[in-house]
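Q: Can you walk me through this one? I'd like to go from the ligand shell out to the domains.

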Amino acid sequence: MQIQTATINDVPEILELQHKAFLPVGEVLNWLDAPNITETIETALEEFPKYTVLKMVADNGKIVGSVRGKVEDGSLFIGRLMVLPEYQRNGYAKELLHKIQEVLPHNRVWLETTSDITSTYTFYEREGFRTFKTEHFDNGVSWVSMAKWELHTNRILLRPWREDDVEALYKYASDPDIGTRAGWPPHKSIEDSTEVLRNILMNDTTWAIILRETGEPIGSIGYMTNYTSTLPSRPNEPLVGYWVGKPYWNKGICTEALNLMIKHIRAVSDYKSLVSSHFVDNPASGRVMQKCGFVATGETCVDSDLSGMEKPMAVLRLEFS
Ligand SMILES: CC(C)(COP(=O)(O)OP(=O)(O)OC[C@H]1O[C@@H](n2cnc3c(N)ncnc32)[C@H](O)[C@@H]1OP(=O)(O)O)[C@@H](O)C(=O)NCCC(=O)NCCS
């Protein structure tokens, strides 16, 4: 299988694929006159130049999947993600979805789908998309708009964690020098990392730090408001946490990631401040916070380290003025 950019000559084959791929969906929804099922070759040819269209091509030259996207004001709209029924459940849709996001630079990505088909909806949720608008059509179909914000610099990208990140997560989080400094036990197995991924990292306020050059997750950053801690925080004040894989320390990566996340928090919420803490024997973490505008509150709190000893932590706060 190979993903290639489609040309106008591919339109008839892609349209045929579209009809085959969306017909079963139309049957389940009882919506056989849905636009993607009834689209004619004239409309398909007219629409084609407005998008970048990718095709998934089998070794025998047959087009077995496709997706299209266009960017407006930094916002990437993705549509017509489809795989021939007999080729589904092989990960091809995921590959197409990742590829279109890779080839079309953007800050935000969105799409429309139905929430009535659980498998499709959870597929997009696992990919980090979240519903921001729901419409109930007269024919009974619930139609949702889902979006994902992406935050990036020239060097790194913050994106939601995904299940297929597990090996990279294990590679870095099994290093005792990471967890011990951040207050969690090093991962002992891939199963450990899978559990952490599902229960701790895959949520709306945690991101994988991706090195754009390689596409690999090399760290994590996030914030949370629901936590129990000895930290002298204000009510509902988000607590910030992060780590970066050891080979990438002292290159300014965490500072870049924290600045991106602060910008995001300021754009999407009305929090007045952020709080964080670090073990006093982990000054590099305090330095990252300071470089991003956090100021030591002068308070310390005590947390149990992994050996069961009490270890002091310095508390820092960023006030949004
Ligand atoms: C803390 C951590 C995230 C920093 O990531 P990073 O990408 O190396 O951070 P940056 O390169 O952006 O900044 C590191 C800063 O710390 C400084 N630093 C490194 N070691 C230091 C030390 N022993 N003493 C004082 N400063 C130190 C660096 O010089 C740099 O500051 P500078 O730019 O002024 O020179 C990373 O070391 C890590 O993952 N540690 C383990 C997990 C952890 O501690 N998480 C935080 C828990 S509170």
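A: First a term: helices are DSSP runs of H or I with at least four residues, numbered from the N terminus. Note also that this is a predicted model.

Q: Fine. Which helix gives the largest share of the shell around the ligand?
A: That is α10, with five residues.

Q: How many residues surround the ligand, and which are the closest?
A: The ligand is surrounded by 20 residues. Arg 181, Cys 254, Thr 255, Ala 284 and Arg 287 are the closest.

Q: Which elements supply at least two residues each?
A: Three helices and a strand: α7 (176-182), α9 (253-268), α10 (283-291) and β12 (239-244).

Q: And how does the shell divide into nonpolar, polar and charged?
A: The shell around the ligand has 11 nonpolar residues, six polar and three charged.

Q: Changing topic. How is the protein chain divided into domains?
A: Domain 1 covers 2-149 and domain 2 covers 152-319. Their C-alpha centres are 34 Å apart.

Q: How many residues are in contact there?
A: Six residues of domain 1 contact six of domain 2. On the domain 1 side, the residues that touch domain 2 are four charged, one polar and one nonpolar.

Q: Now the sheet. What is the strand order in the open one with seven strands?
A: The order is β1-β2-β3-β4-β5-β7-β6, with mixed pairing.

Q: Which strands stand at the edges?
A: β1 (2-5) and β6 (130-136) do; each has a single partner strand, so one side of each has no neighbour in the sheet. From one strand to the next, the twist averages 25 degrees.

Q: How do β6 and β7 run, and how many bridges join them?
A: They run antiparallel, and six bridges join β6 to β7 (residues 142-149). For one of the residue pairs, Thr 134 has Val 144 in β7 as its bridge partner.

Q: What lies across β3?
A: Helix α4 (residues 92-103), at about 30 degrees to β3. The same helix also lies across β1, β2 (52-57), β4 (75-83) and β5 (108-114).

Q: Last topic: at what angle do α6 and α8 pack?
A: Helix α6 (residues 166-173) packs on helix α8 (residues 190-201) at about 110 degrees, and their axes are 9 Å apart. The range 65 to 115 degrees counts as roughly perpendicular, so α6 and α8 are roughly perpendicular to each other.

Q: Which residues meet there?
A: From α6, Val 166, Leu 169, Tyr 170 and Ala 173; from α8, Ile 190, Ser 193, Thr 194 and Leu 197. The contact of α6 with α8 has six nonpolar residues, two polar and no charged.

Note on methods:
Residues are numbered from 1 along each chain as its sequence is written. This is a predicted model: local features need pLDDT of at least 70, side-chain atom pairs count only at pLDDT 80 or more; totals for chains, interfaces and linings use all residues. Two strands pair if DSSP finds at least two bridges between them. Axes are lines fitted to C-alpha atoms, for helices over the stretch in contact, and angles run from 0 to 180 degrees between N-to-C directions. Two residues are in contact if their C-beta atoms, placed from the backbone, lie within 7 Å. Angles under 35 degrees count as roughly parallel, over 145 as roughly antiparallel, 65 to 115 as roughly perpendicular and the rest as oblique. Ala, Val, Leu, Ile, Met, Phe, Trp, Tyr, Cys and Pro count as nonpolar, Asp, Glu, Lys and Arg as charged, and the others, Gly among them, as polar. Domain bounds come from an automatic or database domain assignment. A residue is near a molecule or strand if its C-beta atom, placed from the backbone, lies within 6 Å of it.
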